[in-house]
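The exercises below invite a newcomer to read a protein structure step by step. Each one sets a task and then works through a solution.

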Amino acid sequence: MRYYFMNQDMKEFALDVEIHPGKIMEFTHEGAKTKLLIKNLAGKNFYSFDGIAWKKLAALGVNEVLVSNSEVYKVFRGFKPSGLNKGGAGALITQMPGKVVKLMKKEGDKVTKGETVLILEAMKMENEIKSGADGTIKAINVKEGQALEAGFLMVEIEE
């Protein structure tokens, strides 16, 4: 699976991840491979590069934010969104915190510019989130009832 990362300076990079038997993950970045061991203790995941020193592993879902010692990264799993945080026509990104009330479309559906894709409740108002371009819905990263922070990539439309 390919993951895309973008830091707060809008610099991005890709990371390929393979999961092997025995809870071993292999990461490939710019041709360099690194193996990572994973184990589960008391419902929490831990990782090690050498099998001796173990650290807690952060659990990430789709389009989550990862904070390291020095930087904050946005994580996109399996695809690189068009527009990323720039809000291009093919990316429906929340402008303020809200809650998904209703999905009007599903992945694979064709949409036209201006067509309602979902309803988002923000500031006690229901807002119709409309497509900014003609195309096909490539990915829906939200579900009904989900609370969202500002800047979350809800839907990606392939033009």
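**Exercise 1. Describe the exposure and the backbone of M123 and K124, and say where they lie.**

Keep in mind throughout that this is a predicted model. Begin with exposure: M123 has a relative accessibility of 69%, and because exposed means over 50%, M123 counts as exposed. K124 is likewise classed as exposed, at a relative accessibility of 83%. Next comes position, where M123 is found in the loop between β12 (116-122) and β13, and K124 lies in the loop between β12 and β13 as well. The last step concerns the backbone, for which a general expectation helps: most residues other than glycine have a negative phi. Against that background, M123 has a positive phi of about 50 degrees although it is not a glycine, and K124, also a residue other than glycine, has a positive phi near 65 degrees.

**Exercise 2. Summarise the chain as a whole.**

Start with the secondary structure, which consists of 16 strands and zero helices. Then turn to burial, where 33% of the 159 residues of the chain count as buried. The accessible surface comes to about 10,000 Å², and carbon and sulfur atoms account for 53% of that surface. Finally, consider the contacts between residues at least 6 apart in sequence: 44% of these join residues at least 24 apart.

**Exercise 3. Work out the strand order of two sheets and find their edges.**

One open sheet is formed by four strands in the order β13-β12-β10-β15, with antiparallel pairing. In this sheet β13 (125-130) and β15 (147-148) each have a single partner strand and stand at the edges, so one side of each is left without a neighbour in the sheet. To look at one pairing in detail, take β10 (residues 98-103) and β15, which pair in the antiparallel sense over two bridges; here G98 has L148 in β15 as its bridge partner.

Another open sheet of four strands has the order β9-β16-β14-β11, again with antiparallel pairing. Its edge strands are β9 (91-93) and β11 (110-111), each of which pairs on one side only. Within this sheet, β14 and β16 run antiparallel and are joined by four bridges, and the bridge partner of I140 in β16 is V155.

**Exercise 4. Which residues have the most contacts inside the largest nonpolar core, and which elements give two or more residues to it?**

As a general starting point, nonpolar side chains in soluble globular proteins tend to be buried together. The largest nonpolar core has 15 residues, and V142, M154 and V155 are those with the most contacts inside it. The elements giving two or more residues to this core are β12, β14 (135-140) and β16 (153-158). To see the surroundings of one member, consider M154, whose contacts beyond four places in sequence include L92, L118, I129, A139 and V142. A second, separate core has seven residues, among them F5, V17, F27 and I38.

**Exercise 5. Compare the surroundings of S48 and L57.**

S48 is placed in strand β5 (residues 44-48), and since its relative accessible area is 1%, S48 is buried. Its side chain reaches the backbone nitrogen of G51 at 2.6 Å. Leaving aside neighbours within four places in sequence, S48 is in contact with L36, L37, A53 and W54.

L57, by contrast, lies in the loop between β6 (55-56) and β7 (65-67), and with a relative accessible area of 30%, L57 is partly exposed. Not counting residues up to four places away in sequence, L57 touches I38, N45, F46 and Y47.

**Exercise 6. For three of the salt bridges, decide how far each partner is buried or exposed.**

The structure holds four salt bridges. In one of them, the side chains of K33 and E26 meet at 3.7 Å, N to O; K33 is exposed at 56% relative accessibility, whereas E26 is buried at 11%. In another, K106 and D109 meet at 3.3 Å, N to O; here K106 is exposed, with a relative accessible area of 54%, and D109 counts as buried at 19%, because buried means under 20%. For the salt bridge between K130 and E128, the closest N and O atoms are 2.7 Å apart; K130 is partly exposed at 40%, and E128 is partly exposed at 47%.

Definitions and conventions. Residues numbered from 1 in each chain as written. Predicted model: local features only at pLDDT ≥ 70, side-chain atom pairs only at ≥ 80, totals over all residues. Heavy atoms only, no water. Buried < 20%, exposed > 50% of the residue type's maximum accessible area, 1.4 Å probe, protein only. Contact = heavy atoms within 4.5 Å. Areas by Shrake-Rupley, 256 points an atom, 1.4 Å probe, with all protein chains shown as cover. Polar contact = N/O pair within 3.5 Å; in protein donor to acceptor, adjacent residues only side chain to side chain. Pairing = 2+ DSSP bridges. Core = buried A, V, L, I, M, F, W, Y, C linked by side-chain atoms within 4.5 Å.
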